[in-house]
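Please open the model in your viewer and keep the sequence beside it, since each stop on this tour asks you to select something and then look at what surrounds it.

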Amino acid sequence: MVNKLIQIKREFSKHYSGSAHIQELIPTFSPTEIEQNHLELLHTFAKKNPIYFNSYEEKIAGINCTIYEGDINEYWLNSIKHGSSCQPFYPTWIISAYILALISKRMGFRELVDIGSGDGRISFCASIVGLDSHSIEIDDGLIALQKLISEKINQNFNLRCEDALTFDYSELSLTKPLFFIGGLPQMGGDILATGVIEKIKSLSHISKDLGMVFAGTNSKRQLSNNQNHGGWNEIITHNHLNFINTVSLPTVWTFDQESETPYIFTKFKLH
């Protein structure tokens, strides 16, 4: 499923002739790997999300797809006004968020906590695959956007307008959680990850494996001297995290690039 999506994305990016600020695609009909009702919910999320203003059908790499065009400038500007914000709002693709949630579910995690959740798409996808999802976002404008979408699609993904560095994670009653860190390491994501790790280490009631997922980059310019694990090698090594796998998926910020965004899955055990 990942390889097919990358193939479709690269074909789409070569021939896209529109001028929208952001664009992404979702298969119109369900491939064998995606449940039809899940696919319909992904389309509903896009149709009810006000950042998208247009959609149209197109066959790409042999797959019928719906293209969604949008503009996130308003939310991008608002998201950089917070001192604790580690990255402006730039979302992964909705179909990529679904794949990430599906992988998380199949790895045996029970909860997904999305730190810096933007418009809530990863938390939303986690909820539809059967995970107990939690959405942590510091920007009140993005939280208002999440509330609007949540009400329109009648789906609750437990959103909270909180600073992830000060939030008390014991409020979530977690048992086997997977944390997604929203922010590249070179843009302050390392500070965010370090702070969150220190906070969740205090959750002594969690005796089973706890996971963390980091969004990385393959850009040599951004990586500088820290080129392993998408720029997260120092955080992974320092916190004795066990590397599990890297899953590379399309995102808004890699649309015009040959490479995708690497999502690095790791685990560590609380003592």
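Helices and strands, as the words are used here, are runs assigned by DSSP, with at least four residues for a helix and at least two for a strand, and they are numbered from the N terminus. Counted in this way, the protein, which is a predicted model, has nine helices and ten strands. Colour the whole chain by burial before selecting anything smaller: of the 271 residues in the protein, 53% are buried. If you look at contacts between residues at least 6 apart in sequence, you will find that 69% of them join residues at least 24 apart.

**First stop: the cores**

Select Leu25 and Leu42, which are the residues with the most contacts inside the largest nonpolar core, a set of 55 residues. Helix H4, residues 94–106, supplies the largest share of this core, with eight residues. Now keep Leu25 alone and show what surrounds it: leaving out residues up to four places away in sequence, Leu25 touches Leu5, Ile8, Phe12, Ile60, Cys65, Thr66, Ile67, Trp93 and Ile95. Apart from this core lies another one, of 25 residues, and you can find it by selecting some of its members, among them Ile181, Leu192, Ile200 and Leu203.

**Second stop: helix H4 and its partners**

Two packed helices are described by the angle between their axes and the distance between the axes. Select H4 together with helix H2, residues 36–47, and you will see two axes that come within 10 Å and cross at roughly 135°. That angle makes H2 oblique to H4. The contact is formed by His38, Leu42, Phe45 and Ala46 from H2, with Ile94, Ile95 and Tyr98 from H4. Viewed as a crossing, H2 passes H4 in a right-handed sense.

Next, hide H2 and show helix H5, residues 121–129, whose axis comes within 8 Å of the axis of H4 and crosses it at roughly 50°. H4 and H5 are therefore oblique to each other, and the crossing of H4 past H5 is right-handed. On the H4 side, display Ile94, Ala97, Tyr98, Ala101, Leu102 and Lys105, which meet Arg121, Ile122, Cys125, Ala126, Ile128 and Val129 of H5.

**Third stop: Ser104**

Stay on H4 and select Ser104, which lies in this helix. Is Ser104 buried or exposed? Its relative accessibility is 1%, and because buried means under 20%, Ser104 counts as buried. Look next at its side chain, where a polar atom lies 2.7 Å from the backbone oxygen of Leu100. Setting aside neighbours within four places in sequence, Ser104 is in contact with Phe109, Leu112, Leu131, Leu178, Phe180 and Phe265.

**Last stop: two asparagines in a loop**

Most residues other than glycine have a negative phi. With that in mind, select Asn154, in the loop between helix H6 (140–153) and strand E6 (159–161), and check its phi, which is near 55° and thus a positive value in a residue other than glycine. Asn154 counts as exposed, with a relative accessibility of 71%. Then move along to Asn158, which lies in the loop between H6 and E6. The phi of Asn158 is near 50°, a positive value in a residue other than glycine, and with a relative accessible area of 26% Asn158 is partly exposed.

Notes. Residues numbered from 1 in each chain as written. Predicted model: local features only at pLDDT ≥ 70, side-chain atom pairs only at ≥ 80, totals over all residues. Heavy atoms only, no water. Core = buried A, V, L, I, M, F, W, Y, C linked by side-chain atoms within 4.5 Å. Buried < 20%, exposed > 50% of the residue type's maximum accessible area, 1.4 Å probe, protein only. Contact = heavy atoms within 4.5 Å. Polar contact = N/O pair within 3.5 Å; in protein donor to acceptor, adjacent residues only side chain to side chain. Axes fitted to C-alpha atoms, helices over the stretch in contact; angles between N-to-C directions. Parallel < 35°, antiparallel > 145°, perpendicular 65-115°, else oblique. Left-handed = near helix turned anticlockwise from the far one by under 90°.
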